[in-house]
Amino acid sequence: MASTVFIEQRCEVPDFVNLNATQFKNNQIPTLISHYTFFPGEPKWPPTKTTLTYSFPPGTRNDVMQPIKDATQEWANVTHFKFNYISNYDQADIMISFQVKDHGDGDPFDGPRGILAHAFSPTDGRLHYDGDEMWIDGVASGEFDLQTTGLHELGHVLGLGHSTDSGAIMYPIIGPGLRKGLGQDDINGIRALYHI
């Protein structure tokens with residue numbers, strides 16, 4: 001099952017919870033709402049699989065290597081996973097590539113300014129960028145950040161679904177010219193999924 005990132009202008013929603021004053025009168029501790037989701041059935045990598053390898057097919061553009069390395073490091077910093085690059089694409093746990101239109105996985109891309117990327121739940125490991133988009137390592141007007149999208153898609157590869165928290169990397173909507181990192185909802189979600 002693949003999950004996708006959509007491009008639209010973001011509709012920012014404040015990250016504040018409106019707490020009911022009666023909670024305090026009754027000495028109740030207010031609870032925070034989780035916005036993260038998991039794939040149906042909560043697929044995840046087996047407990048013995050704590051090192052995940054990733055690779056790119058031959059001929060992949062060089063400017064994607066560092067953004068993916070940085071994205072894997074962000075996830076490594078908040079999980080029990082380690083990520084290692086290997087040169088053998090066919091043997092990697094996570095296979096990262098640029099695809100266009102109908103590329104044989106049942107989820108065709110729609111060209112520029114639509115679906116940016118998609119990835120599959122554990123333990124499939126496929127992560128596809130839409131090759132028709134304007135990609136950059138960084139922030140530039142009208143272009144999409146390889147690291148931000150990779151960070152989101154790696155969340156799917158690890159087992160997270162989308163979040164309704166607009167501050168989360170797993171929020172499904174992002175516009176061009178933005179870089180974003182992990183939010184607390186992302187960290188809470190991945191730790192809940194893997195009980196860490």
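**Salt bridges between distant parts of the chain**

In the predicted model, D93 counts as buried, because its relative accessibility of 13% falls under the 20% cut-off. The carboxylate of D93 is engaged in a salt bridge with K49, in which the closest N and O atoms lie 3.1 Å apart. This pair links distant parts of the chain, since K49 belongs to the loop between α1 (21–25) and β2 (51–55), whereas D93 belongs to the loop between β3 (82–85) and β4 (94–99), a separation of 44 residues. K49, for its part, is partly exposed, with a relative accessible area of 26%. The structure holds six salt bridges, and side chains of opposite charge can pair when their charged atoms come close.

A further group of charged residues is centred on R179, as D137, D145 and R179 are linked in a network of salt bridges. In one of these contacts D137 pairs with R179, the closest N and O atoms being 2.9 Å apart. Here the loop between β7 (135–136) and β8 (144–145), which carries D137, is connected to the loop between β9 (173–174) and α4 (184–194), which carries R179, the two residues being 42 residues apart. D137 is partly exposed at 38% relative accessibility, and R179 is likewise classed as partly exposed, with a relative accessible area of 40%.

R179 also meets the side chain of D145 in a salt bridge with an N to O distance of 2.8 Å. This second contact again joins distant parts of the chain, with D145 in strand β8 and R179 in the loop between β9 and α4, 34 residues apart. D145 is buried, its relative accessible area being 2%.

Notes. Residues numbered from 1 in each chain as written. Predicted model: local features only at pLDDT ≥ 70, side-chain atom pairs only at ≥ 80, totals over all residues. Heavy atoms only, no water. Salt bridge = Lys/Arg side-chain N within 4 Å of Asp/Glu carboxyl O. Helix = DSSP H or I, 4+ residues; strand = E, 2+ residues; numbered from the N terminus. Buried < 20%, exposed > 50% of the residue type's maximum accessible area, 1.4 Å probe, protein only.
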